[in-house]
Amino acid sequence: MRFKNTIITGTGSYIPTEVVTNPDFAGTQFYDTDSKAFDISHEEISEKFQAITGIAERRYVTSDLNASDIAALAAEKAIAEAGIDPEELDQIIVAHDFGDIPKGTIQTDTLPSLSARVKNLLKINNPKCVAYDLIFGCPGWIQGVIHADSFIKNGIAKKCLVIATETLSRVVDIHDRDSMIYSDGSGAAVLELAEEDAPRGILSFSTESYTKEEAYYLFLGKSYITDADPKIRYIKMHGRKIYEFALKYVPGVVKESIEKANLDIHDIKKIFIHQANEKMDQEIVKRLFRLYGIREMPKDIMPMSIHKLGNNSVATVPTLYDLVRKERFGDHDLEPGDNIVFASVGAGMNINSIAYRY
Ligand SMILES: CC(C)(COP(=O)(O)OP(=O)(O)OC[C@H]1O[C@@H](n2cnc3c(N)ncnc32)[C@H](O)[C@@H]1OP(=O)(O)O)[C@@H](O)C(=O)NCCC(=O)NCCS
């Protein structure tokens with residue numbers, strides 16, 4: 001029997017060069033939602049922040065770069081590793097939430113789409129290479145991979161490039177202490193059809209969207225500074241609600257994708273999960289194991305990039321995967337045949353998970 005597999009044949013990432021540490025925020029006054037300045041020291045805020053999230057550093061792009069530029073840089077690496085001619089690509093899918101935001105502005109620019117800009121930067125001429133953007137919150141890259149898999153399995157495409165890119169440093173309210181969570185980055189993957197004797201690559205996926213009271217857990221809002229201009233809006237979130245939402249629903253979606261692949265939790269070697277808060281991720285994975293009646297999760301199952309890279313939204317999962325598979329991420333490694341999971345949660349609120357055989 002022959003299987004139509006969708007496999008990742010190349011990955012790439014762009015990790016911005018500007019390192020911003022928690023003490024670097026010390027010069028900025030933080031305010032609460034009522035525009036009241038916090039009366040504790042920056043050191044205390046910073047310590048608590050690091051204790052809750054695990055984030056010590058994050059990366060920002062330099063002022064000459066936009067989201068589409070770093071997307072093209074990550075894409076070039078993925079294409080080079082896949083060893084394909086970019087003209088052969090059938091689809092370029094770019095996941096993001098804010099478009100390009102030139103430094104010094106707060107206006108998001110999605111005309112033309114980032115995918116059109118990336119295709120232009122990659123100098124691809126083929127009009128049959130369809131380029132479109134995907135807005136799905138932080139789970140956008142995983143959803144793009146699900147699109148690519150669906151196109152490939154249905155005979156619509158043979159080669160797809162799925163990119164994630166975000167410059168959250170350009171949409172943060174510097175007077176909101178939650179701004180310390182966010183960072184910039186880009187990750188990309190080339191996915192190709194492979195007709196083989198055994199299943200490999202994308203085995204299954206699950207996605208859910210919760211849009212009742214959850215729809216506005218992440219939103220645009222004015223700065224917390226006194227008398228802020230309501231016409232200028234920044235990324236804001238109800239962090240506690242997101243935290244509780246993620247713990248409640250993400251484990252079930254991940255379990256569903258593992259079951260659809262006819263696998264058991266013991267078969268999973270690594271879980272590449274979106275990085276927004278270290279404690280939250282640990283609790284999600286603990287709860288996943290508890291759904292299987294297991295009280296202790298294996299020590300090295302979840303590579304964590306959050307300490308050094310913060311939360312760069314869509315870019316987190318593909319960047320982490322790129323680093324691990326290229327053996328640039330501590331002791332984490334992958335061998336052919338390993339079963340892994342990609343999972344994410346974010347604005348929408350959306351959750352998704354893919355079971356993948358390496
Ligand atoms: C935002 C977040 C860090 C806040 O943490 P939390 O534990 O829920 O915070 P709480 O509001 O319950 O407050 C707990 C304590 O931390 C403090 N705190 C909250 N946010 C803080 C921040 N950003 N920096 C420093 N301290 C913070 C509070 O003042 C409170 O202190 P206290 O115990 O002295 O009163 C956390 O909710 C979170 O990471 N949520 C998920 C974010 C996420 O996934 N976003 C999705 C983007 S894709």
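This briefing looks at how the ligand is held in the structure above. Keep in mind that this is a predicted model. The ligand sits in the largest pocket, and the shell around it draws on two domains.

**Where the ligand lies**
- Domain 1 (3-196) and domain 2 (202-357) both contribute residues to the shell, so the ligand lies between them.
- Two helices, α1 (42-53) and α5 (239-260), each provide at least two residues of the shell.
- Helix α1 gives the largest share of the shell, with 5 residues.

**Who surrounds the ligand**
- There are 18 residues around the ligand, and the ones that come nearest are Lys-48, Cys-138, Arg-177, Asp-178 and Asn-277.
- Sorted by class, the shell holds 9 nonpolar, 5 polar and 4 charged residues.

**Polar contacts to look up in the viewer**
- Start with Lys-48, where an N or O atom of the side chain is 2.4 Å from an oxygen atom of the ligand.
- Asn-277 also uses its side chain, placing a polar atom 2.8 Å from an oxygen atom of the ligand.
- At Gly-239 the backbone takes part: one of its N or O atoms lies 2.9 Å from a nitrogen atom of the ligand.

**How much of the ligand is covered**
- On its own, the ligand would expose 910 Å², and the protein buries 74% of that area.

Definitions and conventions:
Residues numbered from 1 in each chain as written. Predicted model: local features only at pLDDT ≥ 70, side-chain atom pairs only at ≥ 80, totals over all residues. Heavy atoms only, no water. Near = heavy atom within 4 Å. Polar contact = N/O pair within 3.5 Å; in protein donor to acceptor, adjacent residues only side chain to side chain. Areas by Shrake-Rupley, 256 points an atom, 1.4 Å probe, with all protein chains shown as cover. 1 Å grid on protein atoms, 1.4 Å probe; cavity = no way out; pocket = protein on both sides within 12 Å on 5 of 7 lines; lining within 4 Å. Sits in = over half its atoms within 2 Å of the grid points. Helix = DSSP H or I, 4+ residues; strand = E, 2+ residues; numbered from the N terminus. Nonpolar A, V, L, I, M, F, W, Y, C, P; charged D, E, K, R; others polar. Domains from an automatic or database assignment.
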